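I set out to record how helices pack in this model and what surrounds its ligand. The entries follow the order in which I looked things up.

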Amino acid sequence: MRASLIQIAVDRDEPVDSRRRRAAALVREQRGSALVVLPELWTVGAFAYDSFEAEAETLDGPTRRAMAEAAADAGVWLHAGSVVERAADGRLFNTSLVFSPEGRLAGVYRKIHRFGFDKGEAVMMAAGEELVTVRLPDATLGLGTCYDLRFPELFRGLVDAGADLLVVPAGWPERRRAHWTLLARARAVENQAYVLACSTAGTHAGVEQAGHSTVVDPWGEVLAEAGAGEEILAVDLDPKRPAESREQFPALKDRRLGLAPPVVRGS
Ligand SMILES: O=C(O)CCC(=O)C(=O)O
């Protein structure tokens, strides 16, 4: 099962329309892959907060249409990264879209953990509330987005729901690249799942992007890692590996759920 991660550059001097056309062309070039992944908010740039309102789109907007067509033309499952979604009630969400090889919208995930603390996404966007998995013929995708990678309980929930291939589009900043690689490996090891972590490259709104998209196997080995610039990372995955790994080293079965609350001693 071939997975291709499109680490597209999001430099600000390129108009969104042009990047959308370029992304669609890059997806079409991946015919033969089973799964293609784009990063978080690659249309606007994850840190281009001042463009969020203007570039927000409905789930029937230009990115959805372009990506549905590209997935169908290439005949691939496509995790099209995320868009700034304007919901019917006017709220904005950081929303990931997954398409089937026929171009059907097969999964919609609204980012649960918003980044920025007291600014940016954290105040401009609403938080998603639902964990989302998408069943492919040979694997079950578990969806997370960028900052979500820091919250292990989300991924454990996805694994409990059957996920064995965790897909994390991101617009990760270069200055915390060490965390990116470490967290991707940690989520893979603790869940005995593949992790496909696809970041943007380039610089926008003054934030240099990490690039270095990475594919980690269920044993925590890095199968492939991109460099800093625009690049396509193609890797062959064995869909049987997560189940084999969980059988050979059955740590997930040793979880102790439902323990009593901690006992506080002393005054
Ligand atoms: O957690 C981080 O360090 C980066 C998160 C981020 O950039 C995002 O979620 O957009």
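**Helix packing and ligand shell**

I looked first at α5 and α6, which pass each other in a right-handed crossing (right-handed if the near helix is turned clockwise from the far one by less than a right angle, left-handed if anticlockwise). The model is predicted, so I note that local features need pLDDT of at least 70 and side-chain atom pairs pLDDT 80 or more, while totals for chains, interfaces and linings use all residues. Residues are numbered from 1 along each chain as its sequence is written.

Helix α5 covers residues 152-160 and helix α6 residues 177-191; I find an angle of about 40° and axes 10 Å apart. That angle makes α5 oblique to α6 (under 35 degrees is roughly parallel, over 145 roughly antiparallel, 65 to 115 roughly perpendicular, the rest oblique). I listed P152, F155, R156 and V159 of α5 as meeting R187, E190 and N191 of α6 (contact: C-beta atoms, placed from the backbone, within 7 Å). Three residues of this contact are nonpolar, one is polar and three are charged.

I turned next to α1 (residues 16-28) and α3 (residues 62-74), which pack at about 20° with axes 8 Å apart. Hence α1 is roughly parallel to α3. Their crossing is right-handed.

Finally, I asked which residues surround the ligand. They are A46, F115, C146, Y147, R150, G171, W172, P173, R176 and H179 (near: C-beta atom, placed from the backbone, within 6 Å). I count six nonpolar, two polar and two charged residues in this shell.

Definitions and conventions: Axes fitted to C-alpha atoms, helices over the stretch in contact; angles between N-to-C directions. Helix = DSSP H or I, 4+ residues; strand = E, 2+ residues; numbered from the N terminus. Nonpolar A, V, L, I, M, F, W, Y, C, P; charged D, E, K, R; others polar. Contact = placed C-beta atoms within 7 Å.
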